[in-house]
Amino acid sequence: MELYTERLILRPWRDTDAESLYKYAKDPDVGPIAGWPPHKSIDESLNIIKNVLCGKECYAVCLKTDGIAIGAIELLLNNGPADITDRDDECELGFWLGKEFWGRGIIPEAATELIRRGFKELNMSTIWCGYYDGNIKSKRAQEKIGFKYHHTKDGVPVPLLGETRTSHISCITKEQWLNNE
């Protein structure tokens, strides 16, 4: 399935996206703030496409102008890797974007469409989102989208980096989303 916004195409990841994924995911300013290490090769990126970016609601974020994957956005459903909730009518939003595209409103635009899908088509009651301490860009993006702070959790394991962090959790309910529509 593909989703469209004014500037973006959200589509499933393809093996042919490995080079683009590597280009953006090798940047040490991108992955570690989200809890994963920079990619070391195109082969590693291909493996990530096949084994991580393959969720039912995981999309490559692409500009309509060229269709090249510049980031990822996903609704992590309870039957997959979601870790904030265990309810079937709730999910978690995750995202990242290549550094050269930061500050252009791309993630809020993509997330607005994916949240619409979550509430209208997947019948979610609440969508959760989190960011690690210090990731101010993610915090701001969540606020722009309409997420409201819910709680802070200390000592959160970040297994891909072998450390623990403080995580700030926010959410938006279907009712809040409908009131903002």
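Select Thr 126 to begin: in this predicted model, Thr 126 lies in strand E6. Its relative accessible area is 9%, which is under the 20% limit, so Thr 126 counts as buried. Display its surroundings next. Leaving out residues up to four places away in sequence, Thr 126 touches Asp 89, Glu 90 and Cys 91, then Phe 119, and finally Cys 171, Ile 172 and Thr 173.

From that list, select Glu 90, which belongs to strand E5, residues 90-97. Is Glu 90 buried or exposed? Glu 90 is buried, with 8% relative accessible area. Show the side chains of Glu 90 and Trp 128, and a polar contact of 2.9 Å can be found joining them. When neighbours within four places in sequence are set aside, the residues in contact with Glu 90 are Asn 78, Thr 85, Met 124, Ser 125, Thr 126 and Trp 128. The starting point of the tour, Thr 126, is thus met again from the other side of the pair.

Now move to Asn 123, in the loop between H4 and strand E6 (126-132). Its backbone deserves attention: Asn 123 has a positive phi of about 55°, although the residue is not a glycine. The relative accessibility of Asn 123 is 52%, and because the limit for exposed is over 50%, this residue counts as exposed.

The next selection is a pair of helices, H4 (residues 106-121) and H5 (residues 136-145). Their axes come within 9 Å and cross at roughly 50°. H4 is therefore oblique to H5. Which hand does the crossing of H4 and H5 have? The crossing is right-handed. To see the contact itself, select Ile 107, Pro 108, Ala 111 and Ile 115 on H4, together with Ala 141, Lys 144 and Ile 145 on H5. Colouring these residues by character gives 6 nonpolar, no polar and 1 charged.

The last stop is Thr 164, in strand E8, residues 163-173. With 55% relative accessibility, Thr 164 counts as exposed. Which residues are in contact with Thr 164, leaving aside its neighbours within four places in sequence? They are Gly 155, Val 156, Pro 157 and Val 158. Finally, add Asp 154 to the selection and draw a distance between the two C-alpha atoms: Thr 164 and Asp 154 are 8.1 Å apart in space and 10 residues apart in sequence.

Conventions:
Residues numbered from 1 in each chain as written. Predicted model: local features only at pLDDT ≥ 70, side-chain atom pairs only at ≥ 80, totals over all residues. Heavy atoms only, no water. Axes fitted to C-alpha atoms, helices over the stretch in contact; angles between N-to-C directions. Helix = DSSP H or I, 4+ residues; strand = E, 2+ residues; numbered from the N terminus. Parallel < 35°, antiparallel > 145°, perpendicular 65-115°, else oblique. Left-handed = near helix turned anticlockwise from the far one by under 90°. Contact = heavy atoms within 4.5 Å. Nonpolar A, V, L, I, M, F, W, Y, C, P; charged D, E, K, R; others polar. Buried < 20%, exposed > 50% of the residue type's maximum accessible area, 1.4 Å probe, protein only. Polar contact = N/O pair within 3.5 Å; in protein donor to acceptor, adjacent residues only side chain to side chain.
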